[in-house]
Amino acid sequence: MKIEGKERISHSAERVFTALRDKTHELVSFMPNIDAMEVVERDDAPPLTTMLNKWRGANSDVPRIIRPFVSTDLLSWFDKAIWNEDDLICNWQLESITENKVFTCIGSTTMRNDGEGSTFVIDADLRINADQVPGITKFLARKVRGPLDRFIASTLRPNLTKTAHAVQDYLDAQ
């Protein structure tokens with residue numbers, strides 16, 4: 001499933017990039033459906049910064065049909081990211097923290113100057129493996145695949161694009 005988004009921000013691409021890379025833990029309070037974020041690893045070798053973050057989504061929006069199968073682990077994921085300061089781009093891969101990889105999402109976030117501000121661009125590909133959800137048989141996976149796809153996409157898509165709004169609010173407050 002393709003996930004794309006573009007948002008305008010009234011701050012320079014360089015400031016947006018730096019805030020996203022270095023202040024993400026401070027941005028979490030502005031992000032919808034996110035309970036927590038933890039930096040697990042970080043390696044700075046300018047112009048590249050490699051990071052591994054662990055995220056936990058909120059369970060408040062889980063559809064009733066899949067609630068019995070949704071654990072905290074299913075609402076959590078690892079974010080492996082390579083930030084390139086020269087090109088103002090972050091290439092990343094999101095994976096569920098469960099060993100059976102319920103989903104993966106591979107994409108990039110690019111910040112581009114555009115006059116008096118910048119544009120925040122997300123381009124990603126989401127893959128969901130409903131038959132890998134613990135407790136769901138292959139037969140049941142066919143039944144819940146649609147709601148599960150929509151739930152995960154509806155959780156990731158706004159969090160990916162609304163990250164731009166969180167950066168805007170954060171930088172406005174500085």
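Okay, let's start with one word: a residue is called buried when its relative accessible area is under 20%. Take W83, with a relative accessible area of 9%. That value falls under the 20% cut-off, so W83 counts as buried. Keep W83 in mind, since we'll come back to it. One caution before going on: what you see above is a predicted model.

Let's get the overall picture. The protein has three helices and seven strands. If you walk along the sequence, you meet them in the pattern β-α-α-β-β-β-β-β-β-α. There are 174 residues, and 46% of them count as buried. The accessible surface is about 9,000 Å², with 49% of that belonging to carbon and sulfur atoms. And here's one about folding back across the sequence: take the contacts between residues at least 6 apart in sequence, and 57% of those join residues at least 24 apart.

Now the sheet. In what order do the seven strands stand? The order is β1-β7-β6-β5-β4-β3-β2, in an open sheet with antiparallel pairing. β1, which is residues 2–9, and β2 stand at the edges with a single partner strand each, so each has one side without a neighbour in the sheet. From one strand to the next, the twist averages 15 degrees.

Let's zoom in on β7. On one hand, β7 pairs with β1 in the antiparallel sense, over eight bridges. You can find I9 standing opposite S118 of β7 there. On the other hand, 11 bridges join β7, residues 118–128, to β6, residues 103–113, and these two strands also run antiparallel. For that pairing, look for I106 opposite D125, and T104 opposite R127. β6 and β7 make a hairpin with four residues between the strands, and in that hairpin G115 has a positive phi near 90 degrees. So is β7 enclosed or open? It is largely enclosed by the rest of the structure, because eight of its 11 residues are buried.

What lies across this sheet? Helix α1 does: it lies across β1, β2, β3, β4, β5, β6 and β7, and runs at about 145 degrees to β6.

Stay with that helix for a moment and find R21, which is in α1, residues 13–22. Buried or exposed, do you think? R21 counts as buried, because its relative accessibility is 9%. Setting aside neighbours within four places in sequence, R21 is in contact with R42, T49, M51, W83 and E85.

And there's W83 again. Which residues does W83 touch, leaving aside neighbours within four places in sequence? The answer is F17, L20, R21, P47, L48, T49, M51, I89, C90 and M111. W83 also shows up in the largest nonpolar core, which has 34 residues. V16, L20, W83, W92, M111 and F120 are the ones that touch the most other members of that core.

Now for the aromatic rings. How many aromatic pairs does a search of the whole structure find? Two. One is F17 with W83, an edge-to-face pair at 5.3 Å centre to centre, with 80 degrees between the planes. F17 is in helix α1 and W83 in strand β4, so this pair ties together parts that are 66 residues apart in sequence. F17 is buried too, with a relative accessible area of 0%.

The other pair is W55 and W77. Their ring centres are 6.3 Å apart and their planes are at 5 degrees, so this pair is stacked. W55 sits in strand β3 and W77 in strand β4, so the parts tied together here are 22 residues apart in sequence. Both W55 and W77 are buried.

Last stop: a couple of backbone oddities in the loops. The peptide bond from P46 to P47 is cis, with omega near 10 degrees. P47 is in the loop between β2, residues 34–45, and β3, residues 48–57. You've already met P47, by the way, as one of the contacts of W83.

Then there's L88, in the loop between β4, residues 76–84, and β5, residues 89–96. Phi of L88 is near 55 degrees, a positive value in a residue other than glycine. And although L88 is in a loop, it counts as buried, because its relative accessibility is 10%.

That's my tour. Thanks for listening!

Note on methods. Residues are numbered from 1 along each chain as its sequence is written. This is a predicted model: local features need pLDDT of at least 70, side-chain atom pairs count only at pLDDT 80 or more; totals for chains, interfaces and linings use all residues. Side-chain values use heavy atoms; hydrogens and water are left out. Buried means under 20% relative accessible area, exposed over 50%, partly exposed in between (1.4 Å probe, protein chains only). A nonpolar core is a set of buried Ala, Val, Leu, Ile, Met, Phe, Trp, Tyr and Cys residues joined through side-chain atoms within 4.5 Å. Contact means heavy atoms within 4.5 Å. Accessible areas come from the Shrake-Rupley method with a 1.4 Å probe; for residues, only the protein chains shown count as cover. Two strands pair if DSSP finds at least two bridges between them. Axes are lines fitted to C-alpha atoms, for helices over the stretch in contact, and angles run from 0 to 180 degrees between N-to-C directions. Rings of Phe, Tyr and Trp (its six-membered ring) pair if their centres lie within 6.5 Å; planes under 30 degrees apart count as stacked, over 60 as edge-to-face and the rest as tilted.
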